[in-house]
Amino acid sequence: MALVGGSRAVRIGVEPIGETTLAEYKEAQNKCELVKKGAACHLDRPLRLHIETKKLKAEVETRPGERAEVWTTGLEVRCRDV
């Protein structure tokens, strides 16, 4: 999912870790949604989160039992344990 505004852009997405089925891959893609002025991702199992801006690329993996929420507002990215 790409969020573009003016000259700024943020790309954020989620994918499963390891071998998965097509259904699991599609379900992981639906973990992120557009919200007012940004996007929110809900991580509730082992998943790989990708965040990319013009100057930065980052990947974060959640482990079994971990739960997190990640959201963007403009170019600001915030995370919290749930």
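The paragraphs below walk through the strands, the core, the cysteines and one arginine of this predicted model.

A good place to start is the open sheet, which is built from four strands in the order β3-β4-β7-β8 with antiparallel pairing. The edge positions belong to β3 (32–35) and β8 (76–81); each has a single partner strand, so one side of each is left without a neighbour in the sheet. On average, and with direction ignored, neighbouring strands here are turned by 20° against each other.

At one end of that order, β7 (residues 68–73) and β8 run antiparallel and are joined by six bridges. Within β8, Val77 is the residue that stands opposite Thr72. On the other edge strand, β3, sits Val35. With a relative accessible area of 36%, Val35 counts as partly exposed, because values that are neither under 20% nor over 50% fall into that class. Val35 and Thr73 are 38 residues apart along the chain, and their C-alpha atoms are separated by 9.0 Å.

A second pairing involves β5 and β6 (residues 57–61), which are antiparallel and share five bridges. These two strands form a hairpin, with four residues between them.

What lies in the interior? The largest nonpolar core has 13 residues, and those with the most contacts inside it include Ile12, Val14, Cys41, Leu43, Leu49, Ile51 and Val70. Two or more residues of this core come from each of β2 (8–16), β4 (38–43), β5 (47–52) and β7. Such a grouping is a familiar theme, since nonpolar side chains tend to be buried together in soluble globular proteins.

Cys41 deserves a closer look, as it appears both in this core and in a disulfide. Leaving aside neighbours within four places in sequence, Cys41 is in contact with Ile12, Val14, Lys31, Cys32, Leu49, Ala68, Glu69 and Val70. Among these contacts is Cys32, the residue to which Cys41 is joined by the disulfide, with 2.0 Å from S to S. The link is right-handed, with 105° about the S-S bond. Both Cys32 and Cys41 are buried.

How many disulfides does a search of the whole structure find? The search finds one. Cys79, by contrast, is in no disulfide: the nearest cysteine sulfur, that of Cys41, is 9.4 Å away. That distance rules out a link, because a disulfide requires the two sulfur atoms to be within 2.5 Å. Cys79 is exposed, with a relative accessible area of 56%, whereas Cys32 and Cys41 are buried.

The last stop is Arg48, which is placed in strand β5. Is this residue buried or exposed? Arg48 is buried, its relative accessible area being 17%; the label applies because buried means under 20%. Glu61 in β6 is the bridge partner of Arg48. The side chains of Arg48 and Glu61 also make a polar contact, at 2.8 Å. Apart from neighbours within four places in sequence, the residues in contact with Arg48 are Gly13, Val14, Glu15, Pro16, Ile17, Glu59, Val60 and Glu61. One of these, Val14, is also listed among the core residues with the most contacts.

How values were computed:
Residues are numbered from 1 along each chain as its sequence is written. This is a predicted model: local features need pLDDT of at least 70, side-chain atom pairs count only at pLDDT 80 or more; totals for chains, interfaces and linings use all residues. Side-chain values use heavy atoms; hydrogens and water are left out. Two strands pair if DSSP finds at least two bridges between them. Axes are lines fitted to C-alpha atoms, for helices over the stretch in contact, and angles run from 0 to 180 degrees between N-to-C directions. Buried means under 20% relative accessible area, exposed over 50%, partly exposed in between (1.4 Å probe, protein chains only). A nonpolar core is a set of buried Ala, Val, Leu, Ile, Met, Phe, Trp, Tyr and Cys residues joined through side-chain atoms within 4.5 Å. Contact means heavy atoms within 4.5 Å. A polar contact is a pair of N or O atoms within 3.5 Å; within protein, one must be able to donate a hydrogen and the other to accept it, and residues adjacent in sequence count only if both atoms are side-chain atoms.
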